[in-house]
Amino acid sequence: MTRVLEPPVWERYPLRTAELCAGYGGLSLSIGDKHPTWVSEIDPRASQVLRVRFPCSPNLGDMTRLDLGAAPEVDVLMGGTPCQDLSLAGRRAGMTPETRSGLWSHMYRAVEELNPNVVIWENVAGARTSRGGGGLPALGRVVTDLAGLGYGVVWDSVRASDVGAPHRRERVFVLAFRPTAADTLRVLLDRTREARNRRAEHSDPDSPALDPRLGDYGERMRMWESITGHRMPEPEEDSPRGGRRLSAQFGEWMMGLPPGWVTGVRSVPRSAQIKILGNGVVPQQGRFAVHTLAQRGMEVAQ
């Protein structure tokens, strides 16, 4: 049995959270949560990352088999349910019982049974247009389902580039709230207050972001260095089979993660690292979205 640690007293927050389909914990990072109450993830490699980065958060495993009656209560339930059938690059099969994206129904069940104050759902931009059961786009299905449970619902589309990242990566964020959720929304507002761009002030003369071959794009890379506070890694590395290959550390930096958040977990091979990173959310992007939506929620709730 995996040992779960207790967080230090000074890091125990007055907000109980859980993240479904947690991946590397991108939504928890978005709201500044070092110790989610619990997480749910089935991928064994991503679970290794969660175990190392959130040692005080038990992984309850498969969201389709959660014993919600025994799950600890939470104030905020978050999740980025599978996007393969919604993505513009995918089959566009929509959110139906036969598709991976249909796993939303299990997050809905968790919301219904746990009754959290706030629900946060994140997915690809294609959720706005990919249709499924009943002819509704996936976004419409999620909003309608949550409203049917008595939640107020606000949503927005945010690009990673909106917070200074050197890539687009547009995502849809939904925030649903109970009429009595003002205190929870205030905590979320306080936690996410820093999501603002800063001007790039470059000081590392050896940074790959200064490579003249990058042209004007180099300025965006240097801005991201300033925003994240981390030097851009080399985009490529030597391959054991000869030649060059994409550096997982570069992908991690592009996603706005602390250096080594995924790549520093040595039990996770490079191929799995790249997969995990590709499925995640940029924390700075999530922080900006949650802050904006929590403000709108407060306006409605007051």
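Two strands count as paired if DSSP finds at least two bridges between them. With that in hand, open the model, which is a predicted one.

**Stop 1: strands 1 and 2**

Select residues 17-20, which form strand 1, and residues 38-40, which form strand 2. These two strands run parallel and share three bridges. For a landmark, pick A18 and look across to strand 2: its bridge partner there is W38.

Stay on strand 1 and check its two faces. T17 and E19 lie on one side, A18 and L20 on the other. Are these residues buried or exposed? All four are buried, and both faces of the strand are covered.

**Stop 2: strand 3**

Add residues 76-79, strand 3. Strand 1 pairs with strand 3 in the parallel sense, over four bridges. Two residue pairs mark the register. T17 stands opposite V76. L20 has G79 as its bridge partner.

**Stop 3: the whole sheet**

Now show every strand of the sheet. In what order do the six strands lie? The order is 2-1-3-4-6-5, in an open sheet with mixed pairing. Strand 2 and strand 5 are the edges, each pairing on one side only. Look along the sheet for the twist: from one strand to the next the average is 15°.

**Stop 4: strand 6**

Select residues 171-177, strand 6. Color by accessibility. Seven of the seven residues are buried, so this strand is largely enclosed by the rest of the structure. R171, F173, L175 and F177 point one way. V172, V174 and A176 point the other way.

Next, bring in the neighbors:

- Strand 4, residues 118-124, pairs with strand 6 in the antiparallel sense over seven bridges. Find N123, which stands opposite V172.
- Strand 5, residues 152-158, also pairs with strand 6 in the antiparallel sense, over seven bridges. Here W155 has V174 as its bridge partner.

**Stop 5: helix 3 over the sheet**

Select residues 104-114, helix 3. Which strands does this helix lie across? They are strand 1, strand 2, strand 3 and strand 4. Compare directions with strand 3: helix 3 runs at about 180° to it.

Keep helix 3 and add residues 138-148, helix 4. The two helices pack with their axes 11 Å apart, at an angle of about 20°. Angles under 35 degrees count as roughly parallel. Helix 3 and helix 4 are therefore roughly parallel to each other. Their crossing is right-handed.

Show side chains for the contact. Helix 3 contributes W104, S105, Y108 and V111. Helix 4 contributes R141, V142, D145 and L146. By class, the residues of this contact are five nonpolar, one polar and two charged.

**Stop 6: helix 9 against helix 5**

Select residues 283-301, helix 9, together with residues 182-191, helix 5. How are the two axes arranged? They come within 9 Å and cross at roughly 150°. That angle makes helix 5 roughly antiparallel to helix 9. The crossing is left-handed.

Display the meeting residues. On helix 5 they are A182, L185, R186, L188 and L189. On helix 9 they are V290, H291, A294, Q295, G297 and M298. The contact divides into seven nonpolar residues, three polar and one charged.

**Stop 7: the loop after helix 5**

Two residues are worth a click in the loop between helix 5 and helix 6, the latter being residues 217-228.

Start with T192, which sits in this loop. T192 counts as buried because its relative accessibility is 0%. Set aside neighbors within four places in sequence, and what does T192 contact? Its contacts are S30, I31, R287, V290 and H291. V290 and H291 also appeared in the helix 9 part of the last stop.

Move on to A209, in the same loop as T192. A209 is buried too, because its relative accessibility is 0%. With neighbors within four places left out, A209 contacts L214, G218, M221, R222, E225 and M232. Finish with a C-alpha distance: A209 to P235 is 9.9 Å in space, across 26 residues in sequence.

Technical notes. Residues numbered from 1 in each chain as written. Predicted model: local features only at pLDDT ≥ 70, side-chain atom pairs only at ≥ 80, totals over all residues. Heavy atoms only, no water. Axes fitted to C-alpha atoms, helices over the stretch in contact; angles between N-to-C directions. Parallel < 35°, antiparallel > 145°, perpendicular 65-115°, else oblique. Left-handed = near helix turned anticlockwise from the far one by under 90°. Contact = heavy atoms within 4.5 Å. Nonpolar A, V, L, I, M, F, W, Y, C, P; charged D, E, K, R; others polar. Buried < 20%, exposed > 50% of the residue type's maximum accessible area, 1.4 Å probe, protein only.
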